[in-house]
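Visitor: I've got a new structure open and I'd like some help reading it. Could you walk me through a few features, one at a time?

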Amino acid sequence: MSFWDIIWFIIVSFAFIAYLLILFNIIGDLFRDHETSGWLKAVWVIFLLFFPFLTALVYLIARGKGMAERSAASMASMKAQQDEYIRSVTAASGGGTSSADEIAKAQSLLDAGTITQAEFDALKAKALA
């Protein structure tokens, strides 16, 4: 096996992996699109099986803008869900309190006699850190 055979193998492997990524993106976009009928989706998939390169090229040209819009909408939806989850977790764990709130809570515990002055100082130092 010569040096150029190895280079050619790397180039062909790269092209094949790039094609597979494009193919999976097209199929994912087809099933993410709620406006396209099932029959039209089936036609696209059949053409992708029998004329893969030509169909992929036509799909990217004809539906590329809509593909980008659906992908952006999907990402925005996932980000909104993630942000809501983070807000719910921080609210449940009390992570939204400020240092002043923590010191005030510690002061009320000290006034009630629940904690000692040393414990209050430790809580205050932790809140301010």
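Visitor: Let's start with threonine 55: is it buried or exposed?

Guide: Keep in mind that this is a predicted model. The idea is to look at relative accessible area, where buried means under 20%. Threonine 55 has 5% relative accessibility, so it counts as buried. You'll find threonine 55 in helix α3, which covers residues 52–93.

Visitor: What does the side chain of threonine 55 reach?

Guide: For a polar side chain, try looking for backbone oxygens. Here the side chain of threonine 55 reaches two of them: the backbone oxygen of phenylalanine 51 at 2.6 Å, and that of phenylalanine 47 at 3.0 Å.

Visitor: And which residues does threonine 55 touch, not counting those up to four places away in sequence?

Guide: Leaving those out, threonine 55 touches Trp44, Phe47 and Leu48. Phe47 turns up in both answers, as a contact and as the owner of a backbone oxygen that the threonine side chain reaches.

Visitor: Now charges. How many salt bridges does the structure hold?

Guide: Five. A good habit is to ask of each pair how far apart the partners sit along the chain. Take aspartate 33 and arginine 63, which form a salt bridge with their closest N and O atoms 2.5 Å apart. This pair links distant parts of the chain: aspartate 33 is in the loop between α1 (3–32) and α2 (38–50), while arginine 63 is in helix α3, 30 residues apart.

Visitor: Are aspartate 33 and arginine 63 buried or exposed?

Guide: Both are buried. For aspartate 33 the value is 5% relative accessibility, and buried means under 20%, so aspartate 33 falls in that class.

Visitor: What else is aspartate 33 in contact with, leaving aside its neighbours within four places in sequence?

Guide: Besides Arg63, aspartate 33 is in contact with Lys41 and Arg70. Arg70 matters for the next step in reading: salt bridges can be linked up. Asp29, Asp33, Arg63 and Arg70 are linked in a network of salt bridges.

Visitor: Which salt bridges sit inside helix α3, with about one helical turn between the partners?

Guide: Count the places between partners. Lysine 79 and aspartate 83 are four residues apart in helix α3, so about one helical turn separates them. Their closest N and O atoms are 2.9 Å apart in the salt bridge. Glutamate 84 and arginine 87 are three residues apart in helix α3, again about one helical turn, and their side chains meet in a salt bridge at 3.5 Å, N to O.

Visitor: How exposed are lysine 79, aspartate 83 and glutamate 84?

Guide: Look at each value in turn. Lysine 79 has a relative accessible area of 49%, so it is partly exposed. Aspartate 83 counts as partly exposed at 25%, and glutamate 84 does too, at 46%.

Visitor: What about nonpolar residues on the surface: which ones make a patch?

Guide: Here you look for nonpolar side chains grouped at the surface. Leu40, Val43, Ile46, Phe47, Leu49, Phe50, Phe51, Leu54 and Val58 make a nonpolar surface patch of about 910 Å². The elements giving two or more residues to that patch are α2 and α3. Of these, α2 gives the most, with six residues. One patch member to click on is isoleucine 46, found in helix α2, which is partly exposed with a relative accessible area of 46%.

Visitor: How do I compare separation in sequence with distance in space?

Guide: Take two C-alpha atoms and check both numbers. Alanine 91 and isoleucine 103 are 12 residues apart in sequence and 18 Å apart in space. Alanine 100 and leucine 128 are 28 residues apart in sequence and 8.6 Å apart in space. Alanine 91 lies in helix α3 and counts as exposed at 62% relative accessibility. Alanine 100 lies in helix α4 and is exposed as well, at 53%.

Visitor: Last one: where is confidence lowest, and where is it highest?

Guide: Where pLDDT is low, the predicted coordinates should not be read in detail. In this chain the mean pLDDT is 89, and 95% of the residues reach 70 or more. Confidence is lowest in helix α4 (residues 99–112), at a mean of 87, and highest in α1, at 94.

Note on methods:
Residues numbered from 1 in each chain as written. Predicted model: local features only at pLDDT ≥ 70, side-chain atom pairs only at ≥ 80, totals over all residues. Heavy atoms only, no water. Buried < 20%, exposed > 50% of the residue type's maximum accessible area, 1.4 Å probe, protein only. Polar contact = N/O pair within 3.5 Å; in protein donor to acceptor, adjacent residues only side chain to side chain. Contact = heavy atoms within 4.5 Å. Salt bridge = Lys/Arg side-chain N within 4 Å of Asp/Glu carboxyl O. Patch = residues over 30% accessible without salt bridge, like charges linked within 9 Å, V, L, I, M, F, W, Y side chains within 5 Å. Areas by Shrake-Rupley, 256 points an atom, 1.4 Å probe, with all protein chains shown as cover. pLDDT = per-residue confidence, 0-100.
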